[in-house]
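Trainee: Could you take me closely through one helix of this model and what surrounds it? I would like a single connected account, not a tour of everything.

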Amino acid sequence: MKTTETPPAVPAVDPVPVAKASVPAVKEKSSEGQVLNVFSHGVLIIWAILVVMPLLWAVMASFKTDDSILSAPWSLPDKLHFENWSRAWSQAHMSDYFFNTVVVVGCSLVGTLLLGSMAAYVLARFDFPGNRFIYFLFIGGMSFPIILALVPLFFVMNNMALLNTRHGLIMVYIAYSLPFTVFFLTSFFRTLPTSVAEAAMLDGASHSRTFFQVMLPMAKPGLISVGIFNFLGQWNQYMLPTVLNADPKYRVLSQGLVELANSQGYKGDWSGLFAGLVMAMLPVLAAYIIFQRQVVAGLTAGAVK
């Protein structure tokens, strides 16, 4: 006959104390993050207001009369005075300045991207004696202030009969923009996979065909990014055309706006001046709005790949 023994009593185990101090720490960190988020958003909102308000004010002033600009500068226009734009376009010769700027910047931008991408591809993909020396020469060109080169550049352009010409100004713009373009695209080409180029070479493609048909399309985000930066710098360039382009027939928009502001004197054609200013701003704003995503993609592509 089996006897049942009572099992020994299990000693009571005290529950493990929960670390209650971690909850206030998490709440404190979350509150700090919220404060920082609110502060950063506040700074961005203030910065946006400081940037957008002058643009909106210039657009409103371009559709107002001179009297309303001076008497009520912050009021909305009573009606849209499109004659300000037509007067600035025809009488102030903004059409000629706009055409010259489009030709000069368009040709120089194409030349800059073509020559800069070719040089950057060679520096990024091929090892040869003097590779790093040439690369650092381009970097040194970025640090060289252009104002120190104006006097010798003037005499060089004069000896080559390139002063007061569109093609002379195009060549100067290309040379001015090449250092940054090569520096930017060299780092971008290094991030591209080499297996694609090696596969093209094994299929019998030459170096030029591999570059133009394989590697250059892969570098499209970087080309768009550096193209936007060069477009902004060349479109708003004032010092170089002022020194090297004194012919009124070949003046660009920056020179035309200064000429419009100086020629009015005490006449006070403020509406026409604001209309010309908005004409000069619209292509830059349109280019940045259209290619905004491509610019961000090009700037972050090196970190993603």
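The answer below sets out the basis of the model, then turns to the chosen helix and its surroundings.

Mentor: Residues are numbered from 1 along each chain as its sequence is written. This is a predicted model, in which local features need pLDDT of at least 70, side-chain atom pairs count only at pLDDT 80 or more, and totals for chains, interfaces and linings use all residues, while side-chain values use heavy atoms and leave out hydrogens and water.

First, the setting. The protein chain holds 14 helices and 0 strands (DSSP runs numbered from the N terminus: H or I of at least four residues for a helix, E of at least two for a strand). Its pattern along the sequence is therefore α-α-α-α-α-α-α-α-α-α-α-α-α-α. Of the 305 residues in the protein chain, 35% are buried (relative accessible area under 20%, with exposed over 50% and partly exposed in between, using a 1.4 Å probe and protein chains only). Among the contacts (heavy atoms within 4.5 Å) in the chain with a separation of 6 or more, 74% join residues 24 or more positions apart.

The helix I would choose is α7, which covers residues 166-191. Ahead of α7 comes a loop that starts from α6 (150-159), and A161 sits in that loop. A161 has phi near 55 degrees, which is positive although the residue is not glycine. With a relative accessible area of 60%, A161 is exposed.

Within α7 itself, start with T186. T186 has a relative accessible area of 0% and so is buried. Setting aside residues up to four places away in sequence, T186 touches A120, L123, A124 and Y135. Also in α7 is F188, which counts as buried because its relative accessibility is 4%. The C-alpha atoms of F188 and Y121 lie 9.1 Å apart, although 67 residues separate the two in sequence.

The helix α4 (94-125) can be viewed through G111, one of its residues. G111 is buried at 16% relative accessibility. Its C-alpha is 9.3 Å from that of Y173, with their positions 62 residues apart in sequence. Once neighbours within four places in sequence are left aside, G111 is in contact with G116 and I174. The loop that links α3 (83-90) to α4 contains H93. Like A161, H93 is a residue other than glycine with positive phi, here near 60 degrees. H93 counts as partly exposed, since its relative accessibility is 41%.

Now the largest pocket, where α7 appears again. A pocket is found on a 1 Å grid over the protein atoms alone, as an open set of points with protein on both sides within 12 Å along at least five of seven lines; a 1.4 Å probe fits at the points of a cavity but cannot get out, and lining residues have an atom within 4 Å of a point. The largest pocket has a volume of about 480 Å³, taken as the space filled by probe spheres set on points joined across faces, edges and corners. Its lining consists of 18 residues, and those nearest the centre are G141, A175, Y176, S177 and P179. At least two lining residues come from each of α5 (131-143), α7 and α10 (220-235). The largest contribution is that of α7, with 6 residues.

From α10, N230 is worth a look. N230 has 6% relative accessibility and so counts as buried. Apart from residues up to four places away in sequence, N230 touches L109, T112, S177, F180 and T181. S177 thus appears both among the residues nearest the centre of the largest pocket and among the contacts of N230.

One further pair concerns α9 (residues 207-218), where M218 is found. The C-alpha atoms of M218 and L192 are 7.6 Å apart, with the two residues 26 places apart along the chain. M218 is partly exposed, as its relative accessibility is 25%.

To gather up the account of α7: it contains T186 and F188, both buried, at 0% and 4%. The same helix gives the most residues to the lining of the largest pocket, which α5 and α10 also help to line.
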